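Here are my notes for you, written as numbered points. Keep the structure open beside you and look each item up as you read.

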Amino acid sequence: MVDHVSLKLRTGVYGLLGANGAGKTTLMRMICGILRPSEGRITLAGQPETCEAYWSMLGYLPQDFGYYPDFTGREFLLYMAALKGLPKFRARQKSEELLELVGLTGQAGKKIKTYSGGMKQRLGIAQALLNDPCLLVLDEPTAGLDPKERVRFRDLIAQAGQSSIVLLSTHIVSDVEHIADSILMMKEGRLIYQGKWEKSRGDLEAFYLEQFGDETERRDGEEKPPRGQGWQRQKPFREALTAEIDREYSPGNGTGGEDTEAETGGRQK
């Protein structure tokens, strides 16, 4: 659920923290136009989330992204580039650039079904970057990765955040505490913390555990819902969201200006 959420975002990395069922995935799906808020609005560079211009500036990696197992990594990126409308020459060029960026050049000719979990996640972020997105949304991208892969992934995210808005959701504090320019913490559909984490406030992980420790323990003892169904689906809710992401953006070169703003507000009934 999402309840009275209001945000203003600028270029950089935003770590969205919260326990399972806090509303992180719901919020991200609304920002990506997959779910419709019951109230409010979402815009990117003045464009609403329902229009093609909005989607052309968006990169999205869901928790479980779909792929064809018999495609090679390179074939998959070329296929996704075609769906995103990239010209053939640009699609090939961008695919090779991203394969190198995510460290998959040597495995680009292998079928995706042979990839490790970390390799698939790296391919996932590569497809999300194909269109040089103004806004990059990553939902639990480090889930299931080993420590070495997590470090590599964090480096990729930090690099992406130098020129784009990166909204990264996780319930693992270490994924974001060193790379996030700002922390967003959700609980029961509301933001309970928003802004840069100051060391004077103490340890971020300790604060997180203070907010969610009991809830995490309770959920660990519960039977989990089927894969792909969040805890919030177990009870009826009504989402409401207002988001506005304004950015100086030049479609011609796929880059944005220095300023980016997002405004989000929601109410549950």
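**Notes on the fold**

1. Start with a single contact: a polar atom in the side chain of Asn 131 sits 3.1 Å from the backbone oxygen of Leu 58. That fits a polar contact, meaning N or O atoms within 3.5 Å, where within protein one must be able to donate a hydrogen and the other to accept it, and residues adjacent in sequence count only if both atoms are side-chain atoms. Before you go on: this is a predicted model, where local features need pLDDT of at least 70 and side-chain atom pairs need pLDDT 80 or more, while totals for chains, interfaces and linings use all residues. Residues are numbered from 1 along each chain as its sequence is written, and side-chain values use heavy atoms, with hydrogens and water left out.

2. Where is Asn 131? Find the loop between helix 5 (117–128) and strand 5 (135–139). (Helices are DSSP runs of H or I with at least four residues, strands are runs of E with at least two, and both are numbered from the N terminus.) Asn 131 counts as buried because its relative accessibility is 14%; buried means under 20% relative accessible area, exposed over 50%, and partly exposed in between, with a 1.4 Å probe and protein chains only. Leaving out residues up to four places away in sequence, Asn 131 touches Trp 55, Ser 56, Met 57, Leu 58 and Lys 84, contact being heavy atoms within 4.5 Å.

3. Now zoom out. The protein chain has 7 helices and 10 strands, and 49% of its 269 residues count as buried. Take the contacts between residues at least 6 apart in sequence: 70% of them join residues at least 24 apart.

4. Next, the sheet. Six strands form an open sheet in the order 4-5-6-1-7-8, with mixed pairing. Strand 4 (58–61) and strand 8 (190–195) each have a single partner strand, so each has one side without a neighbour in the sheet. From one strand to the next, the twist averages 15°. For pairing, DSSP has to find at least two bridges between two strands.

5. Strand 1 (residues 12–17) is worth a look, since 6 of its 6 residues are buried and it is therefore largely enclosed by the rest of the structure. Strand 1 pairs in the parallel sense with strand 6 (residues 165–170) over 6 bridges, and Gly 12 has Ile 165 as its bridge partner there. Strand 1 also pairs in the parallel sense with strand 7 (residues 182–187), over 4 bridges; here Gly 15 is matched with Ile 183.

6. Back to Leu 58, from the first point. Leu 58 stands opposite Leu 135 in strand 5, and strands 4 and 5 run parallel, joined by 4 bridges.

7. Which residues have the most contacts inside the largest nonpolar core? They are Leu 17, Ile 125, Leu 138, Ile 157, Ile 183 and Met 185, in a core of 46 residues. Helix 5 gives the most to this core, with 5 residues. A second, separate core has 27 residues, among them Leu 7 and Met 30. (A nonpolar core is a set of buried Ala, Val, Leu, Ile, Met, Phe, Trp, Tyr and Cys residues joined through side-chain atoms within 4.5 Å.)

8. Last, Lys 120, which lies in helix 5. Not counting neighbours within four places in sequence, Lys 120 is in contact with Phe 65, Tyr 67, Ile 112 and Tyr 115. Lys 120 and Tyr 67 are 53 residues apart along the chain, with 9.2 Å between their C-alpha atoms.

How values were computed. Axes fitted to C-alpha atoms, helices over the stretch in contact; angles between N-to-C directions.
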